[in-house]
Amino acid sequence: MNNCTQDFLKGATNVYRTRDFIVKQVVGFKCDDAGNSAVISHDTFYRRTRQRDREYETAFCMRTYIDGKRFRSSMCERKYVD
């Protein structure tokens, strides 16, 4: 496997695919002293390429719905990778 695969799979809570991107989602939970809580998603959007699509399809070939689905969160942070 090359670095591309390791990037979008390594440490991911969820990985899904949109029309233009493969998205790695790392989901966490945060609670403050006042009792407020939030589900936080750190998303990395990888632009789809033929190579990345092949790697994605190999990793998730057993999924009923190959493109997957986003986990809902109350906050998110986005990062884009070409």
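**Notebook: sheet, hairpins and core**

I started with the strands: E1 (residues 14–17) and E2 (residues 21–31) pair antiparallel over four bridges. Note to self: this is a predicted model, where local features need pLDDT of at least 70, side-chain atom pairs count only at pLDDT 80 or more, and totals for chains, interfaces and linings use all residues. Residues are numbered from 1 along each chain as its sequence is written, and side-chain values use heavy atoms, with hydrogens and water left out.

For terms, two strands pair if DSSP finds at least two bridges between them; strands (E, at least two residues) and helices (H or I, at least four) are DSSP runs numbered from the N terminus.

I looked up Asn 14 and found Gln 25 as its bridge partner in E2. Gln 25 also stands opposite Asp 43 in E3. E2 and E3 (residues 37–47) run antiparallel, joined by eleven bridges. Both pairs are hairpins: E1 and E2 have three residues between them, E2 and E3 have five, and Gly 35 in that turn has a positive phi of about 90°.

Next, the whole sheet. I get an open one, ordered E1-E2-E3-E4, with mixed pairing. E1 and E4 (75–81) are the edge strands, each pairing on one side only.

Then the core. The largest nonpolar core (buried Ala, Val, Leu, Ile, Met, Phe, Trp, Tyr and Cys residues joined through side-chain atoms within 4.5 Å; buried means under 20% relative accessible area, 1.4 Å probe, protein chains only) has six residues: Phe 8, Val 15, Ile 22, Tyr 46, Tyr 56 and Phe 60.

Notes
Buried means under 20% relative accessible area, exposed over 50%, partly exposed in between (1.4 Å probe, protein chains only).
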